[in-house]
Amino acid sequence: MSNWEVRISSSRGVPYYYNTETKESLWEAPAGLTQEQVAALPGAKQYLSGDRPAQVRASHLLVKHRGSRRPSSWKEQNITRSKEEAIEILKGYAHEIDGSAEKFAELATVHSDCSSHSNGGDLGFFRPGQMQKPFEDATYALKVGEISDIISTDSGVHLILRTA
Ligand SMILES: O=C(CCc1ccccc1)N[C@H](Cc1nc2ccccc2[nH]1)C(=O)O
């Protein structure tokens, strides 16, 4: 069949169709493909399935470690703590936060290794395909107002508060 696949536009956060052979991109499904053929394209299940709300909003508190993809932050030029140490530190914050959104923003501002610290950890709205998968899945699994368990991404270990 054709060399079409479904991808996500990270700038617009919406799916588009990309032909890996002709390098052509389309916002709408290529003409001539049946509904079934579109649904069978690589990426269709992940990016076309409509069961997730279009966008969510979350704040997070990130503690990086030496295995982080970028072991540096506004706080610390060269982060050398182990992942285990990072998890222990984050457990301490989770205990202090104790489910409070206000405490979450306070601690994220002071302790988060992400630039979003300057905004209480707020990342703004995002859609499926824009954030690292473990982060996206954990956020969508939360109800608004809920705080996640500790989750791990290539960036480090996080606490997530879903806000919308
Ligand atoms: O990628 C960013 C910026 C994220 C951001 C989005 C929207 C508003 C403000 C910040 N910062 C990384 C750390 C990081 N890794 C993450 C992975 C998932 C979600 C948020 C993350 N933050 C880093 O600093 O290494």
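## Exercises on salt bridges and a ligand site

The structure holds 10 salt bridges. The model is a predicted one, so let's work through it with that in mind.

**Exercise 1.** Find which parts of the chain are linked by the salt bridge of aspartate 122 and arginine 57, and classify both residues by accessibility.

*Solution.* Start with the distance: N and O of the two side chains are 2.6 Å apart. Next, place the partners: aspartate 122 belongs to strand β5 (residues 122-126) and arginine 57 to strand β4 (residues 56-63), so distant parts of the chain, 65 residues apart, are linked. Finally, buried means under 20% relative accessible area. Aspartate 122, at 16%, is therefore buried, while arginine 57, at 31%, is partly exposed.

**Exercise 2.** Work out where the partners arginine 81 and aspartate 113 lie.

*Solution.* Their side chains form a salt bridge with an N to O distance of 3.4 Å. Arginine 81 sits in the loop between β4 and α3 (83-97), and aspartate 113 in the loop between α4 (101-111) and β5, so the bridge ties together parts 32 residues apart in sequence. Arginine 81 is buried at 19% relative accessibility, and aspartate 113 is buried at 3%.

**Exercise 3.** Identify the ligand atoms that pair with polar side-chain atoms of lysine 64 and serine 155.

*Solution.* For lysine 64, the partner is an oxygen atom of the ligand, 2.7 Å away. For serine 155, the partner is a nitrogen atom of the ligand at 2.8 Å. As for coverage, the protein covers 70% of the 540 Å² of accessible area that the ligand has on its own.

Definitions and conventions. Residues are numbered from 1 along each chain as its sequence is written. This is a predicted model: local features need pLDDT of at least 70, side-chain atom pairs count only at pLDDT 80 or more; totals for chains, interfaces and linings use all residues. Side-chain values use heavy atoms; hydrogens and water are left out. A polar contact is a pair of N or O atoms within 3.5 Å; within protein, one must be able to donate a hydrogen and the other to accept it, and residues adjacent in sequence count only if both atoms are side-chain atoms. Accessible areas come from the Shrake-Rupley method with a 1.4 Å probe; for residues, only the protein chains shown count as cover. A salt bridge is a side-chain nitrogen of Lys or Arg within 4 Å of a carboxyl oxygen of Asp or Glu. Helices (H or I, at least four residues) and strands (E, at least two) are DSSP runs, numbered from the N terminus. Buried means under 20% relative accessible area, exposed over 50%, partly exposed in between (1.4 Å probe, protein chains only).
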